[in-house]
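This report describes how parts of one protein chain are arranged. Please keep the sequence and the structure in view while reading.

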Amino acid sequence: MYVVKTTANQERAVANLVAQIARKDKLDIRAILVPDVLKGYVLVEASAPEIVEQAIQGVPHARSVIKGASSFAEIEHFLTPKPAVVGISEGAIVELISGPFKGEMARVKRVDSAKEEITVELFEAMVPIPITVRGDHVRVLSKEEAQR
């Protein structure tokens, strides 16, 4: 794995252009990874750094290849998906972003990390009815537990 330094927020554009060049020139580039948490860098799997250097030649926003190779162990944490409920805690204020209650505000009552679901109570409801939704169907508005 080799690390390509890029202009910030241009990682995907660089990755797409490198992939096109690799296909066109039949370069031995096996994988390209653009982790969201790694701003300004693109990870490229290739057999030699010269191949990566050749692939980024003339690519706008691609600065350079950082010397030395990275091991799989160093980048493994980018490959494992994070649960959708990470960062959501009981008492947090959330907005539902999909489903029949889209746009509604709610308070988190319970978080089930195993199933990646949360149980919420809608603010606008006449009777407080707990509703269970997937963790990726909400956007956290306020993490601190607001007073009732």
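Which residue of β3 does Ala31 stand opposite? Ala31 stands opposite Glu45. The model discussed here is predicted.

**The sheet**

The pair just named belongs to two strands, β2 and β3, which run antiparallel and are joined by four bridges. Leu33 also has a bridge partner in β3, namely Leu43. On β1, Lys5 stands opposite Tyr41 of β3. Strands β1 and β3 are likewise antiparallel, with four bridges between them.

The table lists these opposite residues.

| Residue | Residue opposite it in β3 |
|---|---|
| Ala31 | Glu45 |
| Leu33 | Leu43 |
| Lys5 | Tyr41 |

These strands form part of an open sheet of four strands, in the order β2-β3-β1-β4 and with antiparallel pairing. Its edge strands are β2, residues 29-33, and β4, residues 62-65, each of which pairs on one side only. On average, and with direction ignored, neighbouring strands of the sheet are turned by 25 degrees against each other. Helix α2, formed by residues 49-56, packs on this sheet and touches β1, β2, β3 and β4. The direction of α2 makes about 165 degrees with that of β4.

In a regular strand, side chains alternate between the two faces of the sheet.

**A buried residue in β1**

Thr6 lies in strand β1. Is Thr6 buried or exposed? The relative accessible area of Thr6 is 7%, and the limit for a buried residue is under 20%; Thr6 is therefore buried. Not counting residues up to four places away in sequence, Thr6 touches Glu11, Val14, Gly40, Tyr41, Val42, His61, Ala62 and Arg63.

**The nonpolar cores**

In soluble globular proteins, nonpolar side chains tend to be buried together. In this model, the largest nonpolar core has 21 residues. Val4, Val18, Leu27, Ile29, Val42 and Val52 have the most contacts inside this core. Two or more residues are given to the core by each of β1, α1, β3, α2 and β4. Helix α1, residues 11-25, contributes the largest share, which is five residues.

Leu27 can also be examined through its contacts. Which residues does Leu27 contact, leaving aside neighbours within four places in sequence? Leu27 is in contact with Ile21, Ala22, Ile51, Gln54 and Ala55. A second, separate core has 13 residues, including Ala106, Ile131, Val133 and Val138.

Key: Residues numbered from 1 in each chain as written. Predicted model: local features only at pLDDT ≥ 70, side-chain atom pairs only at ≥ 80, totals over all residues. Heavy atoms only, no water. Pairing = 2+ DSSP bridges. Axes fitted to C-alpha atoms, helices over the stretch in contact; angles between N-to-C directions. Contact = heavy atoms within 4.5 Å. Buried < 20%, exposed > 50% of the residue type's maximum accessible area, 1.4 Å probe, protein only. Core = buried A, V, L, I, M, F, W, Y, C linked by side-chain atoms within 4.5 Å.
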